[in-house]
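Open the model in your viewer and keep the selection panel at hand. This tour goes stop by stop: what to select next, and what is there.

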Amino acid sequence: MSRITADWIDPITRKRLQRFRAYRRAYYSLLIIVFLYLTSLVAEVFCNDRPLYVQYQGKSYFPVLFFYPEDTFTGNGLLTRPDYKAIHATPAFAHNEENFMIFPLLPFGPQEIIKAESIPVGNEVQIRVRRTPRVGSVNIDADLSIRREQRAAWFFPPEYEAVVGTNFGAVYVLPEPFLQALGQRFDNLAADSYMQVFTDLPAVELHLSPYRPRNRRPETVRIVLRERAAQQQEEIWLYTPEAGQVSAAGALWQGLTGAQREDIRRLAGNRVTAPVGDLRLEHEGAQYRLSFEKEDVRFPFRPVGPHLFGLDDTGRDVLARIFYGLRTSLNFGLLLVVTSLLIGTVIGAVQGYYGGRIDLTGQRLTEIWEALPFLYVLILLGSVYGQSFTLLLLVYGLFNWIGISYYMRAEFLRLRNQQFVEAARCLGLPDRKILFRHILPNALVPLTTFFPFSLVGAIGTLAALDYLGFGLPPPTASWGQLLAQAQGQAYWWLILYPSLALFLVILLCVFVGEGVRNAFDPKQFTRLE
């Protein structure tokens, strides 16, 4: 497009190209799309788990282009596909400067499963210390005297040495709703659970469990007392495996015994390699629960280290799959659109040129075919023949031509009675030459203007079908499959990056389509001023 003034270009086409180039946004969007597509066609050079070049024992190898068995680099007699990264870590390459490998810029393949131990995550263990609220209970009779108690002494002032026999109402001034709830239970009436908060003595919660009527009235009612202030108390300690020490600030750690500290270090050290249970300990009459937390590698995994876009549900690099998914999407879209335009052009041209019964019969058959449910046909054929790129392209192509056939039919109906067509008939030219050599070049405006928008529809449809599970079979790299993996989970990287790639490609295609439509629009040159 750099030399749009070439003599072999038709003057009208030259003006259209000049108008398209004048729309900078569309022009640069086209350049970006072409660059991305050409780059994706050679994706193995930029993104691959196989090296671009290997020099071993004075010989050169190109694994990205050719297959070499494992025996070539290890001499173990195996003819299987080699693990080049594992071979690169062997002494033959690590301790020998003459042997080396050159990997691509992104050394991960779309089907490569990353080993969990190779992902750089910290070994530090967070020790979350929570104060466990004290819980006790008392059983009272109708006059509020305490008949029995269980771990309730802490909830009473020091002057009450014996909890049993004490009048509960003398310690806690019970409000009228709480007394009514107690009365319902003593009267053997159904009652819902009830909770009352006291902000002193110290701050506690009084709980009454739901009650159902019994054969006879209860002699006592159980009240559960729960400490309230301790709910929000929490500390975070940090255990460093290299030093074997716990970094803790505050009086709690200083007040622990040596045995308690040793138990905490032991459990934190075990948590580095495997999950451990919580530890419960008591200090100065208070109960504490310690939970040991460490970030474990579970797939999908967040962006970390060299994996800038994170890992999917089987441990594959998301950036690599997005890059290869670009090639899959554009290849599918281009093949589908070109096929659909060819089929739609031929059918629409025949209907529009001949008209009459051929046109009427063709329209009725097209309407019947259009009424078939595309998704059901795809599901049925996929269940019989299995999901594949070819099947998806074939089924979708059999339905996608209908729209363009209507436009081409209208164009040929308009052009078939033009003077240059009549002149061609008088010269005795066959119909096929009149159709595709004389009329078609003058009817290309719908094909050109709808091409970018049809490409957008094809890419979006492929992503939607892959998301629903009716598209390309796994493990084909696909944006829709990445989005499906994040369904119902908070894996933000599986939502953000594939959606961003899909949005960017569709936006660029829309910009190109807008520029093409404006370049082929004759209204700005036929408008009366």
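Contact here means heavy atoms within 4.5 Å. The model is predicted: local features need pLDDT of at least 70, side-chain atom pairs count only at pLDDT 80 or more, and totals for chains, interfaces and linings use all residues. Residues are numbered from 1 along each chain as its sequence is written, and side-chain values use heavy atoms, with hydrogens and water left out.

**Stop 1: Tyr68**

Select Tyr68. What does Tyr68 touch, not counting residues up to four places away in sequence? The list is Tyr61, Phe62, Pro63, Phe73, Thr80, Pro82 and Tyr84. Tyr68 sits in the loop between strand 2 (59-61) and helix 4 (71-74). Helices (H or I, at least four residues) and strands (E, at least two) are DSSP runs, numbered from the N terminus. Tyr68 has a relative accessible area of 16%, so it is buried. The scale: buried is under 20% relative accessible area, exposed is over 50%, and partly exposed is in between (1.4 Å probe, protein chains only). Now add Leu78. Tyr68 and Leu78 are ten residues apart in sequence, and their C-alpha atoms are 11 Å apart in space.

**Stop 2: the five-stranded sheet**

Colour strands 11, 10, 4, 13 and 12, in that order. They form an open sheet of five strands with antiparallel pairing. Two strands pair if DSSP finds at least two bridges between them. The edges are strand 11 (245-247) and strand 12 (279-283), each pairing on one side only. From one strand to the next, the twist averages 30 degrees.

Zoom in on strand 10 (residues 234-240). It pairs with strand 11 over three bridges, in the antiparallel sense. Pick Tyr239: its bridge partner in strand 11 is Val246.

Next, show helix 10 (residues 258-271). It lies across strand 4 (125-132), strand 10, strand 11, strand 12 and strand 13 (286-293). Its angle to strand 12 is about 160 degrees. Axes are lines fitted to C-alpha atoms, for helices over the stretch in contact, and angles run from 0 to 180 degrees between N-to-C directions.

**Stop 3: Lys294**

Move to Lys294, in the loop between strand 13 and helix 11. Is Lys294 buried or exposed? Its relative accessibility is 14%, so Lys294 counts as buried. Leaving aside neighbours within four places in sequence, Lys294 is in contact with Gly122, Asn123, Glu124, Val125, Arg271 and Val272.

**Stop 4: strands 5, 7, 8 and 9**

Select strand 9 (residues 221-227). Val221, Ile223, Leu225 and Glu227 make up its covered face. Arg222, Val224 and Arg226 make up the uncovered one. Strand 5 (residues 135-140) runs antiparallel to strand 9, joined by six bridges. Gly136 has Leu225 as its bridge partner in strand 9.

Strand 8 (residues 204-208) also runs antiparallel to strand 9, with four bridges. Leu206 stands opposite Leu225, and Glu205 stands opposite Arg226. Four of the five residues of strand 8 are buried, so the rest of the structure largely encloses it. Add strand 7 (residues 194-198): five bridges join it to strand 8, again antiparallel. Val197 stands opposite Glu205.

**Stop 5: helix 20 and two partners**

Show helix 20 (residues 492-519) with helix 2 (residues 24-41). Their axes come within 8 Å and cross at roughly 135 degrees. That makes helix 2 oblique to helix 20 (under 35 degrees is roughly parallel, over 145 roughly antiparallel, 65 to 115 roughly perpendicular, the rest oblique). On the helix 2 side, the contact residues include Arg25, Leu30, Ile33 and Leu36. On the helix 20 side, they include Leu508, Phe511, Val512 and Glu514.

Swap helix 2 for helix 11 (318-354). Helix 11 and helix 20 pack at about 30 degrees, with axes 11 Å apart. That makes helix 11 roughly parallel to helix 20. Val318, Ile322, Leu326 and Leu330 of helix 11 meet Trp493, Leu494, Tyr497, Pro498, Ala501 and Val505 of helix 20.

**Last stop: helix 14**

Select helix 14 (residues 389-400). Its twelve residues reach 16 Å from first C-alpha to last, close to the 16 Å expected at 1.5 Å a residue. The expected span is 1.5 Å times one less than the number of residues. Which residues of helix 14 are buried? They are Leu391, Leu392, Leu393, Val395, Tyr396, Gly397 and Phe399. Their cover includes helix 11, helix 12 (356-370), helix 13 (374-385), helix 15 (402-415) and helix 18 (445-468).
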